[in-house]
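Here is a short guided tour for anyone meeting this structure today. Have a look at the sequence and the 3D view, then read on.

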Amino acid sequence: MENPTPSTAGEKRPAENAAEETSTEVRLPQKKYFRQRAHANVFSDHHLDYPVSPAHMDWSKNFPAHFAPKNGEPAEGAVAKDSGKKIEFADIGCGYGGLLVALSTVYPDTLMLGMEIRVKVEEYVNQKILALRQNHPGSYDNVSILRMNAMKFLPNFFEKHQLSKLFFLFPDPHFKKRKHKARIITPTLLSEYAYVLRPGGIIYTISDVKDLHLWMVKHLDAHPLFVKIPDEELLDDPAVEHVRTATEEGQKVERNKGDKYLACYRRITDED
Amino acid sequence: MPLLPFSHIIRHPTKDVVVLSFGEHLQAVDTKSGTILASTVALEERESNGLQAQPLTNTPDAAQENKARVQVLAFSPDGAFLATAADDKVMKIWDTESWKCLGTRTLVRRSNALEFNKDGSHVITADKFGDVYNMVRDIPDVVAPVKTAETSEDAEGDEDEGEQPILGHVSMATDLALTKDNKYIITSDRDEHIRVSQYPKGHNIETYCLGHTSFVTTIKVLPGASQKYLISGAGDATIRIWEILKGQEVQTFNIREALGMPPAEADAEDDVTVFSFSICERKNHIAVVVEKESRILILHWDEAAAKAELFKIVELEGTPLSAEYDRSGNLWTSAIPAEGQTSNAVSVYDNEYVQQDDLAKYVNTFGSKTVEVIPDHFVYTEELRKHTTDWRELKKAREEKEAARLAGDPDAPLSKKRRKNKNSRKIPDVAAADSSSAATPEQVQE
């Protein structure tokens, strides 16, 4: 593959990178260039791209190894025909992508997607995934990220009962009472999560903020479509360990010797 | 001095009566004779043009003292009750025999849509926050405001008290409809969603009807034996028909084409917006009021073919605000007169869509009240539009484009600023450029 000149589109590239391209390792992006404030207003009208409906979504840009481009033109690196797989895991507010990267090799045959509303953070994860795919050919094809407001637009991306796992790791606590409605777990939003999650599917929540954990537990307990998974059952779940430790936020909590409160719920039905 | 225009017209389900709202007031009109039966404001002394001065069956209602504009109205299916809600969050239930207000209730938030369930026992409201409440209709005469966590901010642990919504959208709810058997409730929002949920167990979402590309303004279940179809209007210049339980679009009706308008400009933010529908079951006609458009579209609905076709265009004088068929199939319309014109506030069209001035003469002579200035009637649709010219949005748009380009998306447009300051970027390019490098050279040539 021809190496274009470093002045392409104004990118500053140290000279070593030109040589690195022919070597096996691509340098992973560095987080320090992708820091962004933790809070984003989920209710405002961000400039987000979202499809009119799940059938309209072209996943070939995110998962070129599994989806053919919708407009029929063969794209570089994309397969010619859909593999038939659908995304099953979604990490809402995936941050710097720690969980996804960890789960990608634990469940290599499952497609998983992270959603992140912050621009720079999503950029970082995207670059990281592309680098990982290059460094480990054949791996990490099943993971990707999307810049998206999951609170508003989940039904635009996922069909009814499509997902088998939904992750909410260390969500924004929105401490003030008037901000509680912006929390990612609310009674009304839980119905939307139940729509995209199949019966038997699991919601994973973890937080270091006890108040938020209690709030999430309260609302999940109260919702007719979710039932708590007892701790003994969780021991068999390979995803749980990564939920606790794989994310940057989780590692930060460990460094600061904080507590982590985990709560997982199964989606059930109450239709007669 | 102008007359306050009639913002809404709604027909009584079992009697030959329509109720018109104007500002904070209501008037009930007999559709056979055109006489005003009841009014919440005393009829003004006016030039009667030879018409008999109108005696009223009731006196003005003291509960209408505040200036809150009536936004939504709904009759119970048996016609016994009328529910109205205004923009001060107060909902009122009226008795439709005596036209007296039976009770009031302060809603959690302003209602954008109000409907009764089929036995009239509950009133459902979809509010501006996106929440839908299923409230028992019985209201004592004096009611304390409904308390929930949002209304009592200082009280701790209050979140358990108060009415809970049966379902909620994350953005503003714009309309709601129930299937005739009340098994399903359909709600629409500002983010183009139409959601079909079970009723009253609103937490069970059946499906979504996705297809509109702009805020959905109004939805109605279409009449017919099958009860399968929904009609929706939005700010994207289309009317769509859906098979409700499948969430499938069966038809897109292009309003611009029907009105002979050219296609919208590519980056136009706002487009032709549907205001309301009125359905005449007997004729299977749907009257469509389009925002700030003097022509009303009459569509004919063919259930067997699952298709709505343009039947006729009725041109009004002035800007229509509402249109409603009465039980005889006459179409009552209300409009804001054009600048400098003195056209009638209400025009009635018979079954052949020929204007009949007789029926409207009483309400045009004695109805409504004079005001200094006609208020803006389009404030609420304006609220639905996404304002993307905010500086924050522009900044985000720039960030978006940059992020897309960095991520290696070959379709991302290059911002003009980038071309000038090629070397001032802070983020070092690493892995992304490798996979997208084949695509980027073309962009720089632009």
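## Chain B in outline

In chain B, 48% of the contacts with a separation of 6 or more join residues 24 or more positions apart. This is a predicted model, and what follows describes that model. The secondary structure of chain B comes to 7 helices and 27 strands. Of its 446 residues, 45% count as buried.

The UniProt entry, which is unreviewed, places the feature "repeat: WD" at residues 63-104 and 209-252 of chain B. Over residues 209-252 of chain B, the chain is 52% strand and 0% helix. The end C-alpha atoms of that stretch are 13 Å apart.

## A buried strand and its hairpin

A good place to start in chain B is strand β5, which spans residues 70-75. Buried residues account for 6 of the 6 in β5(B), so the strand is largely enclosed by the rest of the structure. Its partner is strand β6 of chain B, residues 81-86. The two run antiparallel and are joined by 5 bridges. In general, strands of a sheet pair through backbone hydrogen bonds, either parallel or antiparallel. Which residue of β6(B) is the bridge partner of Leu73(B)? That partner is Thr84(B). Between the two strands of this hairpin lie 5 residues, and Gly79(B) takes a positive phi near 80 degrees.

Phe75(B) also belongs to strand β5 of chain B. Because Phe75(B) has 23 C-beta neighbours inside 10 Å, and 20 or more are needed, Phe75(B) counts as buried. Leaving aside residues up to four places away in sequence, Phe75(B) touches Ile10(B), His12(B), Pro13(B) and Leu82(B). The C-alpha atoms of Phe75(B) and Glu115(B) are separated by 7.5 Å, although these residues are 40 apart along the chain.

## A four-stranded sheet

Further along chain B, 4 strands form an open sheet in the order β13-β14-β15-β16, with antiparallel pairing. Which strands stand at the edges? They are β13 (173-178) and β16 (205-208) of chain B; each has a single partner strand, so one side of each is left without a neighbour in the sheet. Neighbouring strands of this sheet are turned against each other by 20 degrees on average, with direction ignored.

Let us zoom in on one pair. Strand β15 of chain B covers residues 194-198 and pairs with β16(B) over 3 bridges, in the antiparallel sense. Here Ser197(B) stands opposite Ile205(B) of β16(B).

## Nonpolar cores

The largest nonpolar core has 102 residues. Those that touch the most other members are Leu176(B), Ile186(B), Leu230(B), Val288(B) and Ile296(B). Not counting residues up to four places away in sequence, Ile296(B) touches several residues, among them Val288(B), Val314(B), Leu316(B) and Pro320(B). There is also a second, separate core of 67 residues, which includes Trp59(A), Phe63(A), Ile185(A) and Ala246(A).

## Turning to chain A

Chain A has 9 helices and 7 strands. Its 272 residues are 42% buried. Residues 24 or more positions apart account for 73% of the contacts in chain A with a separation of 6 or more.

Helix α3 of chain A, residues 119-135, is 17 residues in length. From its first C-alpha to its last, this helix reaches 24 Å, close to the 24 Å expected at 1.5 Å a residue. Of the 17 residues of α3(A), 14 are buried, so the helix is largely enclosed by the rest of the structure.

## Two residues to find in chain A

Met112(A) sits in strand β2 of chain A, residues 111-116. Is Met112(A) buried or exposed? Met112(A) is buried, because 23 other C-beta atoms lie within 10 Å and the cut-off is 20 or more. Among the residues Met112(A) touches, not counting those up to four places away in sequence, are Ile87(A), Phe89(A), Leu100(A) and Val143(A). The C-alpha atoms of Met112(A) and Phe167(A) are separated by 11 Å, and the two residues are 55 apart along the chain.

Asp172(A) is covered by the annotation "active site" in the unreviewed UniProt entry. Where is Asp172(A) placed? It is in the loop between β4 (163-169) and α5 (187-196) of chain A. With 17 other C-beta atoms within 10 Å, Asp172(A) is partly exposed.

Key:
Residues are numbered from 1 along each chain as its sequence is written. Chains are lettered from A and ligands numbered from 1 in the order in which they are written. This is a predicted model: local features need pLDDT of at least 70, side-chain atom pairs count only at pLDDT 80 or more; totals for chains, interfaces and linings use all residues. A residue is buried if 20 or more other C-beta atoms lie within 10 Å of its own, exposed if 12 or fewer, and partly exposed in between; C-beta atoms are placed from the backbone. Two strands pair if DSSP finds at least two bridges between them. UniProt positions are given in the numbering used here, feature names are shortened, and annotations may be inferred rather than shown by experiment. A nonpolar core is a set of buried Ala, Val, Leu, Ile, Met, Phe, Trp, Tyr and Cys residues joined through C-beta atoms within 7 Å. Two residues are in contact if their C-beta atoms, placed from the backbone, lie within 7 Å. The expected span of a helix is 1.5 Å times one less than its number of residues. Axes are lines fitted to C-alpha atoms, for helices over the stretch in contact, and angles run from 0 to 180 degrees between N-to-C directions.
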